[in-house]
Amino acid sequence: MTATLRDVVDVLDRLYPPATAQSWDQVGLVTGDPEQPVERALLAVDPTLAVIDEARELHADLLVTHHPLLLRGVHSVATTSAKGASVTGLVVGDIALYVAHTNADVAAAGVAEALAAAAGLQDTRPLAVVEDQPLGRVGRLASPTTLGAFATA
């Protein structure tokens, strides 16, 4: 049985609750019909035109990105602008776009935790708490090292 976009969005919303996003952020479903089937998804950092083209070439039904496509007010989706061309490419290609940004950053198994683990940090804690959400992570390394050695590891 093929999952619907609604099924996938429900899972993503549970992993990265939209209510935990910063107040200025725009997360969640941007394009797509909740009833459309999702058989293939592409994950990316940014919803650039090149990424949208790649999603179309791969016949992806869903593009999940970290950074939002539409962060500020949109007054036009004419293809003469990058935003307009992006929205048009998604809609014409029948590709849903879902964004998980600051809500993915603060999730218990989210971006900040993953980056801290990848960097080898131990005893991590939030760098700051903003709008009741833990932003970033700081911690200690298993052993002392130089910045140069850390950066090239």
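Visitor: Buried means under 20% relative accessible area, exposed over 50%, and partly exposed in between. What, then, is the relative accessible area of Arg 140?

Guide: In this predicted model, Arg 140 has a relative accessible area of 42% and is therefore partly exposed by that scale.

Visitor: With which residue does Arg 140 form a salt bridge?

Guide: Its partner is Asp 123, and the closest N and O atoms of the two are 2.8 Å apart. The pair connects distant parts of the chain, since Asp 123 belongs to strand S7 (residues 122-125) and Arg 140 to strand S10, 17 residues apart. Asp 123 counts as exposed, at 54% relative accessibility.

Visitor: How many salt bridges does the structure hold?

Guide: There are three salt bridges. Another one joins Glu 35 to Arg 6, with 2.4 Å between the closest N and O atoms. Glu 35 lies in the loop between S2 and strand S3 (37-38), whereas Arg 6 lies in helix H1 (residues 5-15), so this pair ties together parts that are 29 residues apart in sequence.

Visitor: And what is the N to O value where Glu 113 and Arg 137 meet?

Guide: For that salt bridge the value is 2.6 Å. Glu 113 sits in helix H5 (residues 111-118), and Arg 137 in the loop between strand S9 (133-135) and strand S10 (138-140), 24 residues away along the chain. Arg 137 counts as buried at 15% relative accessibility, while Glu 113 is partly exposed at 27%.

Visitor: Changing topic: which side chain of opposite charge is nearest to Asp 61?

Guide: That is Arg 40, at 6.8 Å; Asp 61 is buried and has no salt bridge. A salt bridge needs a side-chain nitrogen of Lys or Arg within 4 Å of a carboxyl oxygen, so a separation of 6.8 Å does not qualify.

Visitor: Which backbone nitrogen lies 2.7 Å from a polar atom of the Asp 61 side chain?

Guide: The backbone nitrogen of Glu 39 does. Asp 61 itself is located in the loop between H2 and strand S5 (62-65). Beyond its neighbours within four places in sequence, Asp 61 is in contact with residues including Gln 36, Pro 37, Val 38, Asp 94 and Ile 95.

Visitor: Asp 94 caught my eye. What phi does Asp 94 take?

Guide: Asp 94, just after H3, adopts a positive phi of about 55 degrees. Within H3, the buried residues are Gly 84, Ser 86, Val 87, Gly 89 and Leu 90. Their cover includes strand S2 (28-31), H2, S5 and S6.

Visitor: How many residues make up the largest nonpolar core?

Guide: Twelve, among them Leu 42, Ile 52, Leu 63, Val 87, Leu 90 and Ile 95. At least two residues each come from helix H2 (49-57), helix H3 (82-92) and strand S6 (96-99). H2 gives the largest share, three residues.

Visitor: Which residues is Ile 52 in contact with, leaving aside its neighbours within four places in sequence?

Guide: Ile 52 is in contact with Pro 47, Leu 63, Ser 86, Gly 89, Leu 90 and Ile 95. There is also a second, separate core of ten residues, including Val 9, Leu 12, Val 38 and Ala 100.

Visitor: Finally, the overall picture: how many helices and strands does the chain have?

Guide: The chain has six helices and ten strands. Its C-alpha trace spans about 55 × 35 × 30 Å along the principal axes. Of the 153 residues, 31% count as buried. The accessible surface comes to about 9,000 Å², with 59% of it belonging to carbon and sulfur atoms.

Terms used:
Residues numbered from 1 in each chain as written. Predicted model: local features only at pLDDT ≥ 70, side-chain atom pairs only at ≥ 80, totals over all residues. Heavy atoms only, no water. Core = buried A, V, L, I, M, F, W, Y, C linked by side-chain atoms within 4.5 Å. Buried < 20%, exposed > 50% of the residue type's maximum accessible area, 1.4 Å probe, protein only. Helix = DSSP H or I, 4+ residues; strand = E, 2+ residues; numbered from the N terminus. Contact = heavy atoms within 4.5 Å. Lys, Arg positive; Asp, Glu negative; His and termini not counted. Polar contact = N/O pair within 3.5 Å; in protein donor to acceptor, adjacent residues only side chain to side chain. Areas by Shrake-Rupley, 256 points an atom, 1.4 Å probe, with all protein chains shown as cover.
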